[in-house]
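Welcome to this guided tour. Please open the structure in your viewer and keep the selection tool at hand.

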Amino acid sequence: MATTLNINGQEVSFDAPPEMPLLWVLRDVLGLTGTKFGCGMAQCGACTVHIDGKPVRSCVLPVGNLQRRAITTIEGIGATPAGASVQKAWLDLEVVQCGYCQSGQIMSAAALLASTPDPDDSDIDAAMAGNICRCGTYVRIRAAIKQAASAQKS
Amino acid sequence: MTVTAQSSKVSRRRVLGGALATGFVFAFHLPVGAAKASQAKDPADGKFAPNAYIRIDESGQVTLVMPQVEMGQGIYTGVATILAEELDADLTQVVLEHAPPDEKLYANPSFGIQATGGSTSVRAFWTPLRKAGATARAILIKAAADGWQVTPESCSAADGTVVHNASGRKLRYGELVDPASKLSPPSDVPLKDPKDFVLIGKPLKRLDTPDKVNGKVIYGIDAMMPGLKFATLAQCPVFGGKVANIDSEAAVKIPGVRQIIALDDLVAVVGDHMWAAKRGLEALKITWDEGKNANISSKDIWDHLRAASESDGVVAKSIGDVAKMRNVGDGYDASYEMPFLAHGTMEPLNCTVHVTSNSCDVWVGTQIIARARSVAAKAAGLSEDRVTIHQHLLGGGFGRRLEVDMIATAVRIGSKVDGPVKIVWTREEDIQHDIYRPVYRDNISTRLSGDKVIALKYRVAGSSVIARWLPPGFQKGIDTDAVDSAADTPYDIPNLQVEYVRVEPPAVPTGFWRGVGPNNNVFAIESFMDELARKVNKDPIAFRRDMLGKTPRLQHVLDLVAEKSNWGQPLPPRVGRGVSVQPTFNTSIATVVEAEVDTGGDVYIRQVTLAVDCGLVVNPDTVVAQVEGGMIFGLTAALYGEITLDKGRVQQSNFHDYRMLRIDQVPKINIHLVKSGEAPGGIGEASVVGGPPALRNAIYAATGVALRRLPIDRRLIAEKKSWL
């Protein structure tokens with residue numbers, strides 16, 4: 001059964017069962033491998049994407065309900081003002097180590113900044129505690145979110 | 001910068017040897033072989049390749065071949081910096097290339113095999129890489145000078161250009177490829193004086209990160225190709241068990257399921273995508289023959305280890321005469337225990353293979369590429385020259401990707417599949433079929449005269465990873481890693497004996513885990529030092545300092561951390577500071593953790609302060625990043641890390657029950673780097689080691705509870721006990 005989704009501003013059609021999680025459609029059907037598999041049960045946040053600007057864990061999100069919704073992935077987030085400032089701050093502060101979780105971290109951070117332009121530490125904790133980083137880049141993630149926030153203001 | 005995955009066409013010649021072989025492999029040193037670096041331009045491709053690490057083509061493109069793999073530790077930038085420093089190349093214009101499997105060209109001088117681990121990369125490759133860069137630079141300068149009919153001494157190089165100083169004439173490296181390739185390499189090229197470094201020591205931007213913030217980076221798990229199928233697997237949940245029977249009636253009906261493969265010890269389902277493969281696997285009814293380990297539990301493993309730890313071990317170090325001192329002064333004894341740990345790399349285990357009757361292609365990120373090729377060849381029944389390993393950046397390694405079990409498994413599965421297949425482990429399979437950090441038990445007994453330690457006997461009992469993984473390192477019954485930081489304890493104790501009891505846990509495979517042997521030994525020794533300090537009524541830092549007279553670098557970091565952590569300043573009730581000091585991986589670190597403990601035993605880490613002397617630093621920002629991350633890695637294990645067994649099965653399965661520290665639990669981490677001209681030390685693993693004992697000692701200071709095993713058990717704190 002053909003499904004049509006709007007991904008990063010483009011209409012994309014494919015065949016997949018409606019209960020299939022978005023993560024596997026992105027990665028295995030569409031070849032958008034920037035979104036990562038980490039746990040398969042919404043525990044680690046590596047698969048975070050945006051649906052209508054809100055962060056969601058794509059590993060547990062069936063594609064069947066997503067028609068006419070705007071899906072944004074790491075490949076497209078740089079086109080949003082919050083996404084671009086987060087990516088820049090991530091590089092400026094050298095947040096990244098292995099990088100595997102960072103697609104999800106950046107998607108969560110971009111959603112936070114889009115809704116909360118001046119987040120405090122508790123906002124950052126609440127928005128980012130669902131994203132595990134095994135390399136332990138959390139100190140710099142916090143600093144980079146603050147830097148991206150102040151860059152957006154100026 | 002780009003990272004290319006194409007195989008290198010470097011001329012197959014040995015690079016200059018003479019590395020610093022140090023660290024947990026200190027007790028042995030596999031020869032690297034003599035150096036014979038001459039260069040040749042391959043007339044077909046117009047390239048100047050003075051050695052295995054550097055290639056310059058006529059367009060001026062400088063390609064640097066990375067002997068060590070990038071898994072987050074920043075080594076691609078580090079290696080490139082060292083090469084570019086001595087080559088005087090423009091670091092922003094280089095291309096990095098993964099080294100192909102070739103033990104002759106790219107063996108890690110610390111191991112004698114091609115491996116990234118043990119915090120050895122900078123230590124082992126520091127001198128060979130500098131010589132490689134300097135030699136190439138000397139040839140390029142000579143080629144330019146010859147053309148200008150001037151002396152090489154009258155020329156200099158910078159940013160990929162040779163300049164004749166007097167006339168200002170310039171030639172780019174790319175313009176010198178042809179004449180340079182005809183020259184013989186000079187021997188014994190002088191290396192730069194560190195004061196002349198323009199790249200080393202600067203916080204240069206990492207070369208691998210731009211593609212890591214936009215989804216473009218390709219890890220092994222992202223390999224894609226036409227006709228690719230997707231598979232996932234179930235291995236027998238009991239270690240060593242076999243497949244008895246499968247009922248695939250329901251599984252084959254699931255849309256997208258293409259093939260079910262039952263091997264001796266596992267079942268894999270191949271589908272059009274991972275979702276089909278996962279659903280197919282869930283629908284399979286598998287009966288396992290669980291074998292002899294079906295009833296093993298954690299209690300059996302601990303009983304076995306505790307009993308073994310009571311017998312005499314092989315003596316790894318002996319100073320003075322411990323036996324003679326056994327009735328002198330006061331005695332104090334304690335034992336410490338460390339749990340099994342899984343690695344939990346964020347990129348789950350995976351491997352993509354395409355096996356045909358005469359070829360085997362493998363797409364993977366591995367810390368040990370030559371061994372990967374060898375195991376793939378064996379599993380495919382082909383010779384090694386028929387196997388191509390496509391190396392990738394790693395989504396975390398931590399020692400897990402020093403193993404090749406996943407590659408053998410993938411090739412066994414892929415041999416049954418027509419076309420390429422990507423095999424992805426679910427997180428549950430990844431955690432339940434890891435190769436685990438061993439359980440250890442450390443028995444310490446000491447004799448005290450007043451406030452002085454006059455004798456100390458330390459016995460570590462645990463699995464030998466070295467004996468399996470690098471047999472030449474296992475000599476006379478001693479595992480050099482298992483006694484690392486104990487046999488070479490920095491404490492000046494007149495009578496010291498360090499023993500090792502090799503005891504392999506039943507059923508459970510064991511391997512390296514970031515921080516390796518020192519994680520265990522530094523935890524035990526530093527916990528014990530705090531208990532001794534309390535017994536003799538001395539401040540924990542003053543007590544340690546008195547015994548560190550022979551290691552001034554350690555004394556210095558201890559003094560620095562005392563000052564920076566406000567050691568000795570008053571704290572609120574139930575808040576404590578704990579210290580640890582470590583000589584690991586040729587790096588001196590002192591750590592102070594400040595923690596608050598509530599009456600229910602919950603621990604809140606307020607802040608961490610470190611003083612770090614890792615010798616000469618290639619990239620200070622990378623060192624700081626490694627210290628931050630390593631601290632969090634270690635504290636995660638201290639607070640949560642434990643793999644347990646019941647009925648032969650690992651009980652943990654995913655991040656809900658094998659927990660990781662999250663951003664809301666991370667304290668402020670204050671890092672003070674000591675400026676040093678000493679040889680570079682390791683940092684990626686050293687940074688993991690000190691947090692757990694410092695946290696344990698902070699809890700001891702806050703509550704008086706002397707915890708003696710990890711992970712920290714809040715019930716013990718609440719009940720004021722060392723053991724349950």
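**Stop 1: a hairpin in chain A**

Start by selecting strand 3 and strand 4 of chain A, which form a hairpin with two residues between them. Look at A:Asp52 in the turn: its phi is positive, at about 50°. Keep in mind as you go that this is a predicted model.

Now select residues 48–51 for strand 3 of chain A and residues 54–57 for strand 4 of chain A. These two strands run antiparallel and are joined by four bridges. To see one pair of partners, show A:Val49 and find A:Val56 opposite, in strand 4 of chain A.

**Stop 2: the sheet around the hairpin**

Which strands make up the open sheet in chain A, and in what order? Five strands form this sheet, in the order 2-1-5-3-4, with mixed pairing. Colour strand 2 (10–15) and strand 4 of chain A, the edges of the sheet. Each has a single partner strand, so one side of each is left without a neighbour in the sheet. Neighbouring strands are turned by 40° against each other on average, direction ignored.

Next, select strand 5 of chain A, residues 70–72. Strand 3 of chain A pairs with strand 5 of chain A in the antiparallel sense, over two bridges. Strand 1 of chain A (residues 2–7) runs parallel to strand 5 of chain A, and two bridges join them. Click on A:Ile71 in strand 5 of chain A: A:Ile51 stands opposite this residue, and A:Ile7 stands opposite A:Ile71 too.

**Stop 3: two domains in chain A**

Give separate colours to domain 1 (2–72) and domain 2 (78–153) of chain A, as the domain assignment divides the chain. How far apart are the C-alpha centres of domain 1 and domain 2 of chain A? They lie 21 Å apart. The contact takes 14 residues from domain 1 of chain A and 11 residues from domain 2 of chain A. On the domain 1 side, the elements that give two or more residues are strand 3 and strand 4 of chain A. Strand 3 of chain A gives the most to that side, with three residues.

**Stop 4: a sheet in chain B**

Move over to chain B, where four strands form an open sheet in the order 26-27-28-31, again with mixed pairing. At its edges are strand 26 (575–582) and strand 31 (668–673) of chain B, each pairing on one side only. The twist from one strand to the next averages 15°.

Select strand 28 of chain B, residues 603–613, together with strand 31 of chain B: the two pair in the parallel sense over six bridges. For one example, show B:Ala611, whose bridge partner in strand 31 of chain B is B:His672.

**Stop 5: the helix on that sheet**

Finish with helix 13 of chain B, residues 552–564, which packs on the sheet and touches strand 26, strand 27 (588–597), strand 28 and strand 31 of chain B. The direction of helix 13 of chain B makes about 140° with that of strand 28 of chain B.

Which residues of helix 13 of chain B are buried? Select B:Leu554, B:Gln555, B:Val557, B:Leu558, B:Val561 and B:Ala562 to see them. Look down the axis of helix 13 of chain B: its buried residues fall within an arc of 165°, so they line one face of the helix. What covers them includes helix 12 (540–545), strand 26, strand 27 and strand 28 of chain B.

Last of all, click on B:Asn566, just after helix 13 of chain B, which takes a positive phi of about 60°.

Note on methods. Residues are numbered from 1 along each chain as its sequence is written. Chains are lettered from A and ligands numbered from 1 in the order in which they are written. This is a predicted model: local features need pLDDT of at least 70, side-chain atom pairs count only at pLDDT 80 or more; totals for chains, interfaces and linings use all residues. Two strands pair if DSSP finds at least two bridges between them. Axes are lines fitted to C-alpha atoms, for helices over the stretch in contact, and angles run from 0 to 180 degrees between N-to-C directions. Two residues are in contact if their C-beta atoms, placed from the backbone, lie within 7 Å. A residue is buried if 20 or more other C-beta atoms lie within 10 Å of its own, exposed if 12 or fewer, and partly exposed in between; C-beta atoms are placed from the backbone. The arc is that of the directions from the helix axis to the C-beta atoms. Domain bounds come from an automatic or database domain assignment.
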